[in-house]
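Visitor: I should like a close look at one part of this model, namely the salt bridges and the places in the chain that they link. Please add a description of the sheet for orientation.

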Amino acid sequence: MPLLQEKLTAPTLPLGVVARPRLNDAFALNERVRLLLVQAPSGYGKTTLLAERLPALEQDAAWLRLDQRDNQPERFLRYWQAAIDTLLREDAPLSPLAEGAECVEQKCAEQKCVEQLERWLAELPEQRAACRLVVDEFEHLTHPDILAGLAHWLRHQPPWLTLTLASRSRPALGLASLRLRGELEEIDLSALAFDSEEAQTLCAEQLSFPPTRVSLERALRRSGGWVMALNWLVERTTTRAGFDALVERLNGGHPDFVAWFDERLAEALPPEERELLLQLGVLERFTPELMARLLEGERLTQRLEAFEQAGLFIERPDPHAQWYRFQRLFGEYLRHRRHELSLATQRTLHQRASQAWLALNDPIMALRQAILAESPEEVASLLVAQGPALLASGAYALLAQGLGLLGEPHISTRPELVLLYGWASHAQFQFDITARVIQWIEAQLEAPEWQRLTAEFATLRAQLAINQGNAERAAPLAEQALAVPARYLASTPLTATAILSEARFVLGYLDESLQRVREVERLARQREDHQLLLWSLCHQSETLVAQGRLQAAYDIQERAFAHLERAELEHLPVAEFLYRIRSQVLWEWHRLDEAEQAALKGIAVLDNQGERWTLQCHIQLAKIAQSRGDQAQCADHIRRLRKILAEGDYHIDWVANAHATLLAWWHSTQDLDAVERWRQEAPAPITDRATNHFAQCNVRNHARALTLLGQCEEARTLLEALEVHTQRLGLVTDANRNQLCLAAAAWSAGQETQARHHMHQALSLASRTALVGSFLRLGKPLGELLNGLLASGTLAALEQARAERLLALAGQQKDFGCARRLMLDETVIADIVARPDVPELIRTSPLTRREWQILGLIHAGLSNEQIAEQLSVAPTTIKTHIRSLYQKQNIRRRDEAIALAGQLLAHIQGE
């Protein structure tokens, strides 16, 4: 029988393959390990991993690549012999396949396969350099004789040989025994899934632009790291905006994935098993017990094991537990295909699933299934009975979904539902709905069934008052809530105490606020109220930051992270609060990589809740990109930030923080028109109520804007009014930032001596606060002011060391403001054109004002889509201008345009 040599060689690696050294530990050639199994469904890169890693690790290997026809003992044995002979290049080859008489009995056929493999085992050398035999697409082998023979081979395989299998299904080779004896190494789909670094490498190899980290992390979550889905993304994307849009459409219900999954299921399952799988798709995660509660039929556990054995997209998050889940895209596909079941069947399945989850004491999953069953009565019953547990779990979006199914006329008849509606709308920043709910409450508070919830209603009203900035109204309402017993939400006294702490914080009484919030922490630990415990630690951290004690704030965060991990609370929305404030502290310390990771984790926590919840983390990512001088990434984050701001109504804390970042962006781009527009629309600067960090930030934003617009005296007046409160209340971090703004205003007004005085004050305060990021935001004036202070010899030793470090960091920052001068500063452009040493075509074929703008933006790293968005025109218009620019300057490629802009900018930077 002729053998195809292609089946006996390693496959050719695709272009741009991603190296995966993080999996090296699984490839250690160990005499104890007999089998390395790489098992996962299609598209996880099993073959590519082996073909890439083995040469990289310089491991000798022979290959045998199977297909369906190899599931015949004689044919398989001939290829097996050829593969082993490839390993035995310097030794005697194996003896020919025995030509014994055909055996009719099954037992005889099996014995023949085992005997032949045993004969070859006996011919193998006792000693040899360690090597591998790779068998690819092992799922094609199902013949019992072949499997029995290979199980025998594994038991007697020489220690220098490691059998390495790549398979969609789980091989029937006695894996359990091998695992218990420590003779099995496994790489499953969770290990094969791409991580963030590998996904970044994939994009860098195959895309001409880097996607934003937010979009890339979202793509990883939505794909589950499935390599084929990530390749689908990059192969269909040519722009960053296109990548973002395609990530939003990355779903198992997309026609491309539906067709692919249809083919896989048709190959793997008969129709009756496919229907069982569709029914099981009702559950996001399941155990054999839960499956039995949901479905009718026999041998359900064995059928589930058969699904797993067949290599379907079923995962075990914890190999030591009985919980299963579908790979995310496959689960979405099953939900998409559920329409093949009748509506009555679907409702019945969802109702059973709801009851099953309730029996397992999981009200979140129970409510989710009740909503899918479209049963208002069951949803209402669940909400009333499980509302406290749902609130404690932070399931606000799900609560809102369930309440939305009921409708306001139904909600308004039950005080418990009204209370839940108030908290759910408040948590989603729908303060107008919360205010309407409070009107319902106040209209019916005299009725006995409503009076029963007096404490709960008072707490809700106090919380809304805090969010409206009315601490004076919030405090007595919280005191009222503490004066009467809670009848429905047992956490009400804790929440009311927390609101009192917030009220003191808003009014600037930080020590008293700390005292109260520590009491919240103590009571939350007693009650095991994880959400309020985490909140109390986060609030302590924020208060310590306001006092200028950033290291103490960081230490409190460490305690919160320890509790988060110990109690497995990463899914709670309050975890985003923790990641966010960790990112803020790290940004101030200029630890940008860590700050970025914290912000991305915060977004991941709330990814399923909706983008509007993630505003603060997007603010952080924009600040980090700007600190790195990454123009393109910063532009994308700013675009996303503005979109989120426009779609929601947020607390002044969030708004002021966002506006500070926008002003820094406009400063770097010299977009003074945007600054002026902002001044007309921004919240008014009320200095007499600037007793907290967000009110201070809002007034400081106005001072920054005035400075940028040349109105430095007005800016100074606002900042000096702020300093009255910082001195009285001990708002040390705000005082530090105010001094920096005063230095910038004085510098812009030409008052260098005064500017150096304020910078000296800022350095002195930084000995307590350790701020770095706020200093670096000043840009060019920072270096000149620090150099002046260092030259004066007036700095104390600690201040001098800090100034020198800030100068070093400032020198490392990339400044993309120069590129924008090409598009905004006509005097500079005129000066460039007049120079004798610029390219001749600049003078003989002058660019239009718009073409200068576009040239500057190309140099800054923006894509055509980003340029179009920046200039508020269509992408096709940008292409037309670029074509004209290229023709005038005899340019053919974008890199030539970047080089030209760089040459022109050299004149600016030289000055």
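Guide: The account below takes the sheet as orientation and then turns to the salt bridges. The model is a predicted one.

The sheet is open and is built from 5 strands in the order β2-β3-β4-β1-β5, with parallel pairing. At its edges lie β2 (61-65) and β5 (184-187), each of which pairs on one side only. From one strand to the next, the twist averages 15°. Within this sheet, strand β1 (residues 35-39) runs parallel to strand β4 (residues 161-167), and 5 bridges join the two. Leu 35 stands opposite Leu 163 in β4. Helix α2 (residues 73-87) packs on the sheet, where it touches β2, β3 (131-136) and β4. The direction of helix α2 makes about 160° with that of β2.

We now come to the salt bridges. The count for the model is 68. Three of these pairs are described here, each with its location and the accessibility of its residues where available.

One of them joins Arg 368 to Glu 284, with the closest N and O atoms 3.6 Å apart. This pair links distant parts of the chain, 84 residues apart: Arg 368 belongs to helix α17 (residues 363-372), while Glu 284 lies in the loop between α12 (271-280) and β6 (285-286). Arg 368 has a relative accessibility of 27% and therefore counts as partly exposed, since that class lies between the limits of 20% and 50%. Glu 284, with a relative accessible area of 36%, is likewise partly exposed.

A further salt bridge is formed by Glu 416 and Arg 452, whose closest N and O atoms are 2.8 Å apart. Here too the partners come from distant parts of the chain, 36 residues apart: Glu 416 is in helix α21 (residues 415-427), and Arg 452 is in the loop between α23 (448-451) and α24 (454-467). Glu 416 counts as buried because its relative accessibility is 9%, and buried means under 20%. Its partner Arg 452, at 36%, is partly exposed.

The remaining pair in this account is Arg 640 with Glu 611, the closest N and O atoms being 2.9 Å apart. Helix α33 (residues 631-646) holds Arg 640, whereas Glu 611 sits in the loop between α31 (592-605) and α32 (615-628); the two are 29 residues apart and link distant parts of the chain. Arg 640 has 8% relative accessibility, so this residue counts as buried.

Notes. Residues are numbered from 1 along each chain as its sequence is written. This is a predicted model: local features need pLDDT of at least 70, side-chain atom pairs count only at pLDDT 80 or more; totals for chains, interfaces and linings use all residues. Side-chain values use heavy atoms; hydrogens and water are left out. A salt bridge is a side-chain nitrogen of Lys or Arg within 4 Å of a carboxyl oxygen of Asp or Glu. Helices (H or I, at least four residues) and strands (E, at least two) are DSSP runs, numbered from the N terminus. Buried means under 20% relative accessible area, exposed over 50%, partly exposed in between (1.4 Å probe, protein chains only). Two strands pair if DSSP finds at least two bridges between them. Axes are lines fitted to C-alpha atoms, for helices over the stretch in contact, and angles run from 0 to 180 degrees between N-to-C directions. Contact means heavy atoms within 4.5 Å.
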